[in-house]
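Dear colleague,

I am passing on a structure that I have been going through with an eye to its charged side chains. Please look it over below, and then read the notes that follow.

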Amino acid sequence: SGNSAIGVRGANPNLDVDGMNGGDLASIDFNGVNGAFEPANNALTNTPGPFTEKTFAVSFETGADISGTQTIFEQGGTGRSFALYIAPDPGNGNAPTLFGVAHNTAEWTGADQFKTLNLGTVTANTTYDVTLDFDATTNPTVHDPANTFTGYVNGVQVDQETNLEQQYGHAGAIGIGGTLDGAALPNGGLFGGTGNYFRGEIGEY
């Protein structure tokens, strides 16, 4: 959870002291809340940038309802963002699927503006440990195949995108448990509002 100041949009999520993994990890319960946490913008996360590398690690448990688009974490807006979603996969019968997204329509060009990781289908009431690793240290200022965006689920690499460049600062809101003020979607579209609330629990460290 870090030391950043944190606010709430919508209803207040609930602390579950019994938590996930049979009670060994306290968690924040977003199920049915229609609300999200909003950490303050800060230099480690999104401003001022640019960022040549970033790592996001999230432990969460899906709820009973895994339908629709649910935002576990996002930062940025419709110009630049990172995000982790559960969303339908049109290529797999719209099965609920975990996606990691990095995008930039301001500085990144052409077909490389949207990078989506397909991290596999999810099941209800199940715990996942997910890491998204963004690494543009090889050649930060150009699209380079050696620059990578990689997704791991439960410690196993599942998908990787290449040919990206450093991510630039983005002062759009940071959202935990929902999208706040917009982000890129897994299908390459843009969601410009607030919503897509998560209906599960996110681990509290």
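How many salt bridges does the count come to? By the rule applied here there are five salt bridges, and please keep in mind throughout that the model is a predicted one.

I will begin with Asp 181, which forms a salt bridge with Arg 9, the closest N and O atoms lying 2.7 Å apart. Asp 181 sits in the loop between β13 (174-176) and β14 (183-184), whereas Arg 9 belongs to strand β1 (residues 6-10), so the pair ties together parts that are 172 residues apart in sequence. Asp 181 counts as partly exposed because its relative accessibility is 40%, and Arg 9, at 23% relative accessibility, also counts as partly exposed.

Another salt bridge joins the side chains of Glu 107 and Arg 80, with an N to O distance of 2.7 Å. Since Glu 107 lies in the loop between β8 (95-104) and β9 (114-121), and Arg 80 in strand β7 (residues 80-89), this pair ties together parts that are 27 residues apart in sequence. Glu 107 has a relative accessibility of 26% and therefore counts as partly exposed, while Arg 80, with a relative accessible area of 22%, is partly exposed as well.

The side chains of Asp 112 and Lys 115 likewise meet in a salt bridge, at 2.7 Å from N to O, and here both residues are buried. As for connections between salt bridges, those that share partners join Arg 9, Glu 38 and Asp 181 into one network.

The residue I would ask you to look at with particular care is Lys 54, which is found in strand β5 (residues 53-61). Which side chain of opposite charge is nearest to Lys 54, and how far away is it? The answer is Glu 53, at 11 Å, and Lys 54 has no salt bridge although it is buried. What the side chain of Lys 54 does reach is the backbone oxygen of Thr 45, at 2.4 Å. Leaving aside residues up to four places away in sequence, Lys 54 touches Leu 44, Thr 45, Gln 75, Phe 82, Leu 132, Asp 133 and Phe 134. Thr 45 thus appears both in that list of contacts and as the residue whose backbone oxygen the Lys 54 side chain reaches.

With best regards

Key. Residues numbered from 1 in each chain as written. Predicted model: local features only at pLDDT ≥ 70, side-chain atom pairs only at ≥ 80, totals over all residues. Heavy atoms only, no water. Helix = DSSP H or I, 4+ residues; strand = E, 2+ residues; numbered from the N terminus. Buried < 20%, exposed > 50% of the residue type's maximum accessible area, 1.4 Å probe, protein only. Lys, Arg positive; Asp, Glu negative; His and termini not counted. Salt bridge = Lys/Arg side-chain N within 4 Å of Asp/Glu carboxyl O. Polar contact = N/O pair within 3.5 Å; in protein donor to acceptor, adjacent residues only side chain to side chain. Contact = heavy atoms within 4.5 Å.
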